[in-house]
Amino acid sequence: MKIKNIIVIFIVFILIIMLFANTSIVQATGGLGEVFQKTFDNAKDFQNNGSSNIIPYPNLYMLIRFLYNLVMIVAIVIAIIQGIVLGIRLVFGTIDEKADAKHLIVPYLWIVGAMAFGLAIWRWVIQFVYSII
């Protein structure tokens, strides 16, 4: 039953991303000769300065920034919910539940710290790459 729930959540997550991340760009040309010429010109431009007109870097940056924000929001919500559950177990639980919750606080703090550090590194890398482009 757990695997079915995970698959459903994963499919819903993918559908939400597809709903909000519309990055399609239509590039139409006149004929086959024009396509080859444009491809050759773009290859020359790429050799000359390391950039291309085919890949829309600002749109790609916006997509990655959207995914970063989405992952950060999900991570924050999950961390808050888990923290509330641990707090409730500490305050209202039986002696055994309180002991279990106290043993789970340190791993909880490590995981929250690792998520925050990982997301900060992701943000720095995104900004660094975008400043190069």
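Helices here are DSSP runs of H or I with at least four residues, numbered from the N terminus. With that in hand, welcome to this predicted model, whose protein chain runs α-α-α-α from the N terminus on. That comes to 4 helices and 0 strands. Below is a short tour of the chain and of one nonpolar patch on its surface.

**The chain as a whole**
- The protein chain has 133 residues, and buried ones make up 11% of them.
- About 10800 Å² of the protein chain is exposed, with carbon and sulfur atoms supplying 73% of that area.
- If you look at contacts between residues at least 6 apart in sequence, 63% of them join residues at least 24 apart.

**The nonpolar surface patch**
- Nine names are worth finding in your viewer: Ile 3, Ile 7, Phe 10, Ile 11, Phe 13, Ile 14, Leu 15, Val 74 and Ile 78 together make a nonpolar surface patch of about 830 Å².
- Two elements each give two or more residues to this patch, namely α1 (2-20) and α3 (57-92).
- The biggest share comes from α1, which gives 7 residues to the nonpolar patch.

**A closer look at Ile 7**
- Ile 7, one of the patch residues, has its place in helix α1.
- Its relative accessibility is 46%, so Ile 7 counts as partly exposed; that class lies between buried, under 20%, and exposed, over 50%.

Conventions: Residues are numbered from 1 along each chain as its sequence is written. This is a predicted model: local features need pLDDT of at least 70, side-chain atom pairs count only at pLDDT 80 or more; totals for chains, interfaces and linings use all residues. Side-chain values use heavy atoms; hydrogens and water are left out. Patches are made of residues with over 30% relative accessible area and no salt bridge: like charges are joined within 9 Å, nonpolar side chains (Val, Leu, Ile, Met, Phe, Trp, Tyr) within 5 Å. Accessible areas come from the Shrake-Rupley method with a 1.4 Å probe; for residues, only the protein chains shown count as cover. A salt bridge is a side-chain nitrogen of Lys or Arg within 4 Å of a carboxyl oxygen of Asp or Glu. Buried means under 20% relative accessible area, exposed over 50%, partly exposed in between (1.4 Å probe, protein chains only). Contact means heavy atoms within 4.5 Å.
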